[in-house]
Amino acid sequence: MLIFLHGTDTFRSRQQLKKMIEKFKQDRDPQGYNVAVLDCSKEDGGKVMEQILSAPFMSEKRLVVLENFLSTTKIGDLQAEMLKRVSGKTLPESTVLIFWEEDLKPKTKVAKELFEKLSKEKFSQQFDSLAGFKLQAWIEAEFKTRGGKINQRALQYLAQNIGSDMWRLDSLIEQLINYFEGAKRLRN
């Protein structure tokens, strides 16, 4: 199975990746023996391919996460091999392979071709930066998820002044909720 997570909103794509890894561990591999997360800009191609082709240990499936596979020039030969395997559907069926891309600019011609192929996969998700109503809806949902509330004026202020910096918004939401929880405890 191939999964492709990409886009300029790295916060939400990282959240999705984390959920997928946790779900895999919960459903198939509580010890985490069959989960490998590799930053391809730092790894050599041999190790990456070894992880992809390895058989699962005491499990039916193995999860391999390849970060920045398309945006690095370090593993050009491996990108060509991966394009061939994805096109020919010759990856091991026991491997769940997740491509996570921070940068939407593939550096090589082969990486561009692979990007096009992966973008058409059934489990491809693009995380674009949020703005306007979608950003406000996300902020409001985050407050509710974390057990807090936000009034409309504060919501608009955050959306207009912080914008789509989701990492900063996440931190501010957490701070605001903790502040109000602490103030609530002091009153009681």
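# Close-up views of a predicted model

**View 1. Strand β1 is mostly covered.** Of the 5 residues in β1, 5 are buried. The model shown here and in every view below is predicted. In a regular strand the side chains alternate between the two faces of the sheet. In β1, L2, F4 and H6 point one way. I3 and L5 point the other way, and all of these residues are buried.

**View 2. Two strands pair with β1.** Strands of a sheet pair through backbone hydrogen bonds, either parallel or antiparallel. Which way do β1 and β4 run? They run parallel, joined by 5 bridges. Within this pairing, H6 has E101 of β4 as its bridge partner. Strand β1, residues 2–6, also pairs with β5 in the parallel sense, over 4 bridges. There, I3 stands opposite F123 of β5.

**View 3. The open sheet holds 5 strands.** In what order do the strands lie? The order is β2-β3-β4-β1-β5, and the pairing is parallel. Strands β2 (35–39) and β5 (123–126) stand at the edges. Each has a single partner strand, so one side of each is left without a neighbour in the sheet. From one strand to the next, the twist averages 10°.

**View 4. Helices α2 and α4 pack on the sheet.** Helix α2, residues 45–53, touches β2, β3 (62–67) and β4 (95–101). The direction of α2 makes about 150° with that of β3. Helix α4, residues 109–119, touches β1, β4 and β5. For α4, the angle is about 110° with the direction of β1.

**View 5. E101 is a buried residue with polar contacts.** E101 sits in strand β4. Is E101 buried or exposed? Its relative accessibility is 1%, so E101 counts as buried, the cut-off being under 20%. The side chain of E101 reaches the backbone nitrogen of L70 at 2.7 Å. A second polar contact, of 3.3 Å, links the side chains of E101 and S71. Leaving aside neighbours within four places in sequence, E101 is in contact with F4, L5, H6 and G7 of the early chain numbering, and also with N68, F69, L70 and S71.

**View 6. The largest nonpolar core has 23 residues.** In soluble globular proteins, nonpolar side chains tend to be buried together. Which members of this core touch the most other members? They are I52, L66, F69, M82, L97 and F99. At least two residues of the core come from each of β1, α2, β3, α3 (76–88), β4 and α4. Take F99 as an example. Beyond its neighbours within four places in sequence, F99 is in contact with L2, I3, F4, L5, L66, F69, M82 and L118.

**View 7. Another core lies apart from the largest one.** How many residues does this other core have? It has 15 residues. Among them are L130, A159, I162 and M166.

**View 8. Helix α6 has a buried face.** The helix spans residues 152–162. Which residues of α6 are buried? They are L155, L158, A159 and I162. Seen down the axis of α6, the buried residues fall within an arc of 105°, so they line one face of the helix. On the other side of α6, R153, Y157 and Q160 are exposed.

**View 9. The two ends of α6 come into focus.** At the start of α6, N151 plays a part through its side chain. A side-chain oxygen of N151 reaches to within 3.2 Å of the backbone nitrogen of R153. What follows α6? The next residue is G163. The phi of G163 is positive, near 70°.

**View 10. M58 and N68 have positive phi values.** Neither residue is glycine. M58 has a phi near 55°. Where does M58 lie? It lies in the loop between α2 and β3. M58 is exposed, with a relative accessible area of 73%. N68 has a phi near 60°. The place of N68 is in the loop between β3 and α3. At 11% relative accessibility, N68 counts as buried. N68 also appears in View 5, among the contacts of E101.

Methods: Residues numbered from 1 in each chain as written. Predicted model: local features only at pLDDT ≥ 70, side-chain atom pairs only at ≥ 80, totals over all residues. Heavy atoms only, no water. Pairing = 2+ DSSP bridges. Axes fitted to C-alpha atoms, helices over the stretch in contact; angles between N-to-C directions. Contact = heavy atoms within 4.5 Å. Buried < 20%, exposed > 50% of the residue type's maximum accessible area, 1.4 Å probe, protein only. Polar contact = N/O pair within 3.5 Å; in protein donor to acceptor, adjacent residues only side chain to side chain. Core = buried A, V, L, I, M, F, W, Y, C linked by side-chain atoms within 4.5 Å. Arc of directions from axis to C-beta.
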